[in-house]
Each structure stands twice: as structure tokens, then as C-alpha cells.
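This briefing gathers side-chain interactions for a reader at the bench, grouped by topic. Please keep the structure in view while reading.

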Amino acid sequence: VHQALRIGLAGFGNIGTAFVRFLQEQHDRIDARYAMPLELRWVCTRNPKRRRSVAPPPTAKRSSDFLDIVRDPDVDVVVELIGGVNDARTFVTAALEAGKDVITANKALLAECGPELALLAQAKGVRLLFEAAVGAGIPIIRSIETGLLSNRIVSLHGIINGTTNYILTRMVDRRGASFAEMLDEASRLGYAEPDPSLDVDGYDAAHKLAVLAALCFGQHVRASDIRIEGIRHVTPEDINWGTIQGLSLKLLASARLRDDGKLHLSVAPSYIPEAHPLAAVRGVTNGIAIEAEPCGVVFLSGAGAGGGSTVTGLMSDLADIAAQRAAGGRGGKALLSLAAGSRGKIARAQIQPDCCLRVTHPEVPLHVNRLERRLKGECVERGASDATYLIPEMKSSAMERALGTLDDLGLDSGRRSKVDFALGSRNLVDADFKK
Ligand code: HSE
């Protein structure tokens, strides 16, 4: 065993820079606490010319060819921060083939190819670790992998995209602030993906949910299994309406085992009752509530994006590998490999039983009267604002009838099943009709 753990870093953007800075600034603490010293051997980046706020140590080799790391027999562990799927997949596959441990923060890669890569790691007797890929520094992967391993997990509800939560929180704090302004702010702070539509359209949260669901439920979940709705269409009115009702609007990722054994998966803007701990998760913070048997509900929360938090996740994987190697061990059962062969029954989220319908329309009283007549006996409640009506506790069949009725009435629906009320007893389907 070499006396240091030799690291090859691929990707030197926001997170790569924070990682290199951390290794330099926290050198003493790492030396004191880690089972072996860490040595940064390679820093590879596609844009070597770009100015960065930190310089790698002179002992680290530089290259713009990621495969230089793979070809170097003196690299023990690769830290993949390239992002995206295609190049990252080629690179990680080559690194595992070459017998290197791999640490990645790449949730898109894991959602797409996690099981395949995990099986390869297992076959090669190396590790594939990804604590930073979900919730950044929140130790969510290890909590599921070890803390809750003995339990049966029933459901997971999480705010797992920092950018969208930042935008929604700022829209509450700065009443009337526009979506676009808040997104710019989140990008400036380094929270958003290089392509921020991954954040705002819900795909980043779906990638993370696919990883968590595979770990929690032991089956291969693809992003395409998940009903995904982002926050692009959320308006300040939606947020204010929730505030008046005592509900907080969040982009919620949910995975739940239904009574019929199917896994129910969704990412959607959701109203959360203020009493629920997820409602208090603000800004770039992430929060994840896991319901496990017999443990009960476990709730984890912390910064879900940004350099400091993401580096914490990477460092925790490095600590794990250092400890294993110092003890003379290598490889082991790969996380996610459990999920590789297994495709259980997956239910794409539909409108759930116990819905309520919010109808917003200038002529809403008229339409609600007609609706009431058509729905025969479903109770219709007047909402907080004049043009808003709530039909609580609807069965999904009634919801379909209600939406059909509104369509029949000739309202051009632009029908948005925007809002899931996933944590309360109801789903809320918002039909915002414009004539
Ligand atoms: N863009 C991601 C987010 C970064 O906002 O959560 C952390 O994965």
C-alpha cells in the first residue's frame, strides 16, 4: 500500500476549484483525521486557460486530456467533476476498467448509468462512491446505505434541488420578484447547473430522486419513470395563495411504495403544510424526510448546493476510501448494484385520490355553479380570494369529471396539473383558466 492516497481530479470548474482550495487550506486537519495523507496528483480540465481563483499545487500534473489520469498507474482514486453524461460515462468507465476507485458528484450520470457502472466497479473490485451527488454535503447516501440499511423504507419526500428552492424562497421574501431575476441570482451564487433548465424544469431533482429511490427500494429507477414538472410556470400568485392557506410551495421529489407494491415517483411543485419540517426548508437548503420501518421518520437537512457543501460530500468519500485502504482493503459491494437487475412495478404519478381543485377564472362563480351541478354533491368551498374555489377531498374520478366539465364549458384550459399536495391528504390540481 502506498503511503498516500493519490487523487486524479477531472473537472476544474466551480466545485473543482472549491475542492482544490479545501485540500490546500485544510491540509492539517486532513492529515490529523484521515487514515492516510491525500495527494493531488492530477488536475485535468477542458479549459486549462480559464482563470481560476486557486492554483493547484505545483506537484500536481496538468492536462486537458482526462484519460491521462486513467493511464497513470500511480493514481488510486479519481474524482469526477466533469458533469454531463456522455464524456463522464466514457471517463468513469475507463477509470473503473483501469482499477481505480471513483468518486463522482454527477447525478445525471448516476441516474442514467448508475447500475451499469456499479456492476463494473464490483467486477473490478473497486469503489464507486457518490455522497456529493445528492444533497451535496448532507450525508444522505450513507444514511440510507448504513444507518437505515436494516429498515424497510416506505417513502421518501425531499427538496433536493437547491436552485429551485432558492428561487421559490426568494419569490416569497421579495414579493413580486420575478422568476428570471431569482434564477440569475442563483446562477451567480454558483448553485445552478451550467444548463439551468436542468434545475428549473425538474430534471436535476429527478436524477437525484432516481439515485435515492434505487438505494431505498433496490430497483433500477430511470428518470423517465418519474413524472416531472418544474417550477417555470409558478407565479407569485401561486405562492401568495399558498401563504394565505398556510401552505409553502416547494419543488418536491417523492418516492413512495404504494399498497399495491408499485413505486410511485414524482417531482412536482407541491404545497406543503407549514407544520411539516419540509415547509421550513428555505433557500439553497435541501431537506429529505425518509419514512422507515421500524425507525420512523428520519429528517435530514443542510446546504444542498455550492462549493463548501459539495466538497464536504467528496471529502467524506475520500475518508471512506482512505480508511479502507489503510486497513488493507479494496473494493466491496457496490451501492446501486442491487438495483441493477431489478425492475419492479413503477407507477407514474397520476392525479391522486383525495384531490382538491383550485379554479381561478374571472367568471368563476358561474362556472363553479355549473361544476357543482355536474359533480352532484361534491362540496365546493369558496377560497381565500374571490376568484378561487376549492373542491376539497375529491376522488380522482371526480377530479377527472371536474376537469372534463371545465373543458366542456369551452374554457381554453391550459390545464395545469401543477400542484401536488403530496404530504397532506390531498393533491391539489390547479386549473387556471383563461378565456
Ligand atoms: N444545481 C444543483 C442544485 C446543484 O441546485 O441543487 C447541486 O446538485
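Asp76 and Arg325 are both buried, and their side chains form a salt bridge with an N to O distance of 3.5 Å. The model in which this pair appears is a predicted one. Asp76 sits in the loop between α3 and β4 whereas Arg325 belongs to helix α12 (residues 307-326), so the salt bridge ties together parts of the chain that are 249 residues apart in sequence.

**Salt bridges**

- Across the whole structure, a search finds 25 salt bridges, and a network of them links Arg6, Arg41, Asp72, Asp74, Asp76, Asp101 and Arg325.
- Within that network, the side chains of Arg41 and Asp74 meet in a salt bridge at 3.5 Å, taken from N to O; because Arg41 lies in strand β2 (residues 38-44) and Asp74 in the loop between α3 and β4 (77-80), this pair joins parts that are 33 residues apart in sequence.
- The two partners are not alike in burial, for Arg41 counts as buried at 17% relative accessibility, while Asp74, at 31%, counts as partly exposed.
- Another salt bridge is formed by Arg142 and Glu131, whose closest N and O atoms are 3.3 Å apart; the pair links distant parts of the chain, with Arg142 in helix α6 (residues 140-147) and Glu131 in the loop between β6 (128-129) and α6, 11 residues apart.
- Glu131 has a relative accessibility of 2% and therefore counts as buried.

**Lys107 and its surroundings**

- Lys107 is placed in helix α5 (residues 107-124), and its relative accessibility of 14% is under the 20% limit, so this lysine counts as buried.
- The side chain of Lys107 makes polar contacts with two acidic side chains, that of Glu193 at 2.8 Å and that of Asp204 at 3.0 Å.
- When neighbours within four places in sequence are left aside, the residues in contact with Lys107 are Ala133, Glu193, Asp204, His207, Lys208 and Val211.

**Aromatic pairs**

- The count of aromatic pairs comes to 2.
- In one of them, the rings of Phe66 and Phe91 have centres 5.9 Å apart and planes at 55 degrees, so the pair is classed as tilted; it links distant parts of the chain, with Phe66 in the loop between β3 (61-63) and α3 (67-71) and Phe91 in helix α4 (residues 86-97), 25 residues apart.
- Phe66 counts as buried at 11% relative accessibility, and Phe91 likewise counts as buried, at 2%.
- The rings of Tyr166 and Tyr191 have centres 5.7 Å apart and planes at 65 degrees, and because an angle over 60 degrees counts as edge-to-face, the pair is given that description.
- Tyr166 lies in helix α7 (residues 162-173) and Tyr191 in the loop between α8 (179-188) and α9 (197-200), so the tyrosine pair ties together parts that are 25 residues apart in sequence; both Tyr166 and Tyr191 are buried.

**Cysteines**

- The count of disulfides in the model comes to 0.
- Cys44 is buried, with a relative accessible area of 0%, whereas Cys295 counts as partly exposed at 48% relative accessibility.

How values were computed:
Residues are numbered from 1 along each chain as its sequence is written. This is a predicted model: local features need pLDDT of at least 70, side-chain atom pairs count only at pLDDT 80 or more; totals for chains, interfaces and linings use all residues. Side-chain values use heavy atoms; hydrogens and water are left out. Helices (H or I, at least four residues) and strands (E, at least two) are DSSP runs, numbered from the N terminus. Buried means under 20% relative accessible area, exposed over 50%, partly exposed in between (1.4 Å probe, protein chains only). A polar contact is a pair of N or O atoms within 3.5 Å; within protein, one must be able to donate a hydrogen and the other to accept it, and residues adjacent in sequence count only if both atoms are side-chain atoms. Contact means heavy atoms within 4.5 Å. Rings of Phe, Tyr and Trp (its six-membered ring) pair if their centres lie within 6.5 Å; planes under 30 degrees apart count as stacked, over 60 as edge-to-face and the rest as tilted. A disulfide is a pair of cysteine sulfur atoms within 2.5 Å. A salt bridge is a side-chain nitrogen of Lys or Arg within 4 Å of a carboxyl oxygen of Asp or Glu.
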